[in-house]
Amino acid sequence: MSTAIVPPADVPADPPERLRSDRVVYDVKDVTLRFGGVTSLDHVSLQMLQGEVLAVIGPNGAGKTSLFNSLTGVYTPQEGTIELAARENDTATTVLGRKTHEINHMGVARTFQNIRLFPALTALENVKVGVETRQKAGPISAMLGLPRQRREERESTARAYELLRFVGLQQRANDLAGSLAYGEQRRLEIARALGTDPGVILLDEPAAGTNASEKRELASLILHINRELGISVLLIEHDMKLVMSIADRLIVLNFGQKIAEGTPEQIQKNPLVVAAYLGTSEDDAQEEMDLNPGVTSMGDLDPSLFQEDEDADGSAVGEADPHTEENQR
Ligand SMILES: Nc1ncnc2c1ncn2[C@@H]1O[C@H](COP(=O)(O)OP(=O)(O)OP(=O)(O)O)[C@@H](O)[C@H]1O
Ligand SMILES: [Mg+2]
């Protein structure tokens with residue numbers, strides 16, 4: 001049985017007309033990123049279009065998070081160019097050499113593979129941190145409690161409540177982030193990212209470590225973010241069912257190289273992609289697919305291939321990335 005590509009029932013199957021666009025939000029050309037002897041991105045080129053849900057998949061260590069880190073200014077690739085025009089009417093501008101907070105101001109928000117919340121702040125306060133990065137009042141006005149600062153404080157509280165409602169956490173507003181269930185923390189991180197009012201959101205394994213019903217909720221939330229808020233979504237996700245059901249297009253990385261790009265249907269049938277996940281040659285993968293037509297597809301591969309061990313039991317909350325702490329900044 002192959003994976004059914006069915007979006008969650010409560011959202012429209014297609015993006016509304018106003019979201020369809022050929023406008024490029026991220027234009028990545030020939031990007032190479034090296035760490036000493038390790039090439040984590042190897043001449044990668046891709047374009048992300050406004051309004052799409054674009055997924056980046058690939059086995060562990062393929063370079064997915066490195067790509068996110070390059071797109072958000074955590075790392076500057078040694079070669080290639082990355083241009084960004086996150087919001088409608090923006091003109092394409094390079095992100096290379098810019099700091100992460102500048103890129104955030106240019107309309108890009110992200111979440112991290114390993115959750116990064118302030119566990120000792122409430123859910124509401126965590127979201128306010130996101131909202132307040134967009135506000136104007138400086139530290140002096142804040143210290144003196146000037147009218148503008150007081151107005152912004154009221155606005156940011158109202159906006160943060162709105163976002164908590166949007167992600168389904170309004171009941172948890174005053175609970176400490178650290179006390180929330182794992183799936184709730186993942187949604188809270190998304191709410192905080194939305195607080196910066198992005199044109200593009202980058203989600204690094206938002207469903208890692210969550211259970212089946214939390215995964216369904218996340219899939220639906222991601223589509224609502226895309227369809228209702230009009231935000232372009234770049235998504236790293238190991239859960240093939242989830243990713244195939246919500247992505248408009250996918251890009252596949254393996255050993256730092258882009259090995260495929262296409263619709264969910266095209267990617268599931270691509271022997272090169274199946275081979276990458278199985279760790280076999282393309283020929284062996286093709287043979288397997290020929291022997292078992294309709295059976296061997298991405299969705300039928302052992303799901304454990306797509307899950308990191310540390311995430312399987314949800315124990316990775318707040319822990320450092322196995323590669324490096326730096327990697328997740
Ligand atoms: N800061 C760093 N220093 C050294 N090597 C790094 C660094 N960041 C990433 N790498 C290496 O780059 C390669 C790609 O790593 P990356 O984290 O991008 O993979 P990934 O596709 O996100 O994997 P996963 O699915 O496990 O999250 C790996 O070999 C990794 O060890
Ligand atoms: Mg990663």
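**Exercise 1. Place I236 in the fold and decide whether it is buried or exposed.**

Step 1: start with the secondary structure. I236 lies in strand β8, residues 232-236. Helices and strands here are DSSP runs (H or I over at least four residues for a helix, E over at least two for a strand), numbered from the N terminus. This is a predicted model, where local features need pLDDT of at least 70 and side-chain atom pairs count only at pLDDT 80 or more, while totals for chains, interfaces and linings use all residues. Residues are numbered from 1 along each chain as its sequence is written, with chains lettered from A and ligands numbered from 1 in the order in which they are written.

Step 2: count neighbours. I236 has 23 other C-beta atoms within 10 Å, so it is buried. The cut-offs: 20 or more other C-beta atoms within 10 Å means buried, 12 or fewer means exposed, and anything in between is partly exposed, with C-beta atoms placed from the backbone.

Step 3: see who is around. Setting aside neighbours within four places in sequence, I236 contacts V56, K64, T65, F68, L203, D204 and E205; a contact means C-beta atoms, placed from the backbone, within 7 Å. A55 is 181 residues away along the chain, yet its C-alpha atom is 5.7 Å from that of I236.

**Exercise 2. E205 and F255 both have positive phi; work out where each sits and how covered it is.**

Step 1: take E205, one of the contacts of I236. Its phi is near 55°, a positive value in a residue other than glycine. E205 sits in the loop between β7 and α7 and counts as buried because it has 23 C-beta neighbours inside 10 Å.

Step 2: now F255. Its phi is near 45°, and again this is not a glycine. The loop between β9 and β10 holds F255, and with 14 C-beta neighbours inside 10 Å the residue counts as partly exposed.

**Exercise 3. Find which residues touch the most other members of the largest nonpolar core.**

Step 1: recall what a core is: buried Ala, Val, Leu, Ile, Met, Phe, Trp, Tyr and Cys residues joined through C-beta atoms within 7 Å.

Step 2: look at the connections. Among the 78 residues of the largest core, I222 and L235 touch the most other members. Helix α7 (residues 212-227) gives the largest share, six residues.

Step 3: list the partners of I222. Not counting residues up to four places away in sequence, they are V53, L203, V233, L235 and I246.

**Exercise 4. Check the length of helix α6 and say what covers it.**

Step 1: do the length check. The expected span is 1.5 Å times one less than the number of residues. For the 13 residues of α6 (182-194) that gives 18 Å, and the end C-alpha atoms are 19 Å apart, so the two agree.

Step 2: check burial. In α6, 11 of 13 residues are buried, including L188, I190 and L194.

Step 3: name the packing partners. The buried residues of α6 pack against β6 (108-111), α3 (123-132), α5 (147-166), β7 (200-204) and α7.

Step 4: add a loop neighbour. R116, in the loop between β6 and α3, is 73 residues from E189 in sequence, but 7.3 Å from it in space, C-alpha to C-alpha. R116 has 16 C-beta neighbours inside 10 Å, so it counts as partly exposed.

**Exercise 5. Describe how α3 packs on α6 and on α5.**

Step 1: get the geometry. Two packed helices are described by the angle between their axes and the distance between the axes. Axes are lines fitted to C-alpha atoms, for helices over the stretch in contact, and angles run from 0 to 180 degrees between N-to-C directions. α3 and α6 pack at about 35° with axes 6 Å apart.

Step 2: list that contact. A123, N126, V127, V129 and G130 of α3 meet L188, A191, R192 and A193 of α6. By class, that is six nonpolar, two polar and one charged residues; Ala, Val, Leu, Ile, Met, Phe, Trp, Tyr, Cys and Pro count as nonpolar, Asp, Glu, Lys and Arg as charged, and the others, Gly among them, as polar.

Step 3: repeat for α5. α3 and α5 pack at about 115° with axes 8 Å apart. The residues of this contact include L124 and V131 of α3 and Y161 and L164 of α5. They divide into eight nonpolar, two polar and three charged.

Note on methods
Contact = placed C-beta atoms within 7 Å.
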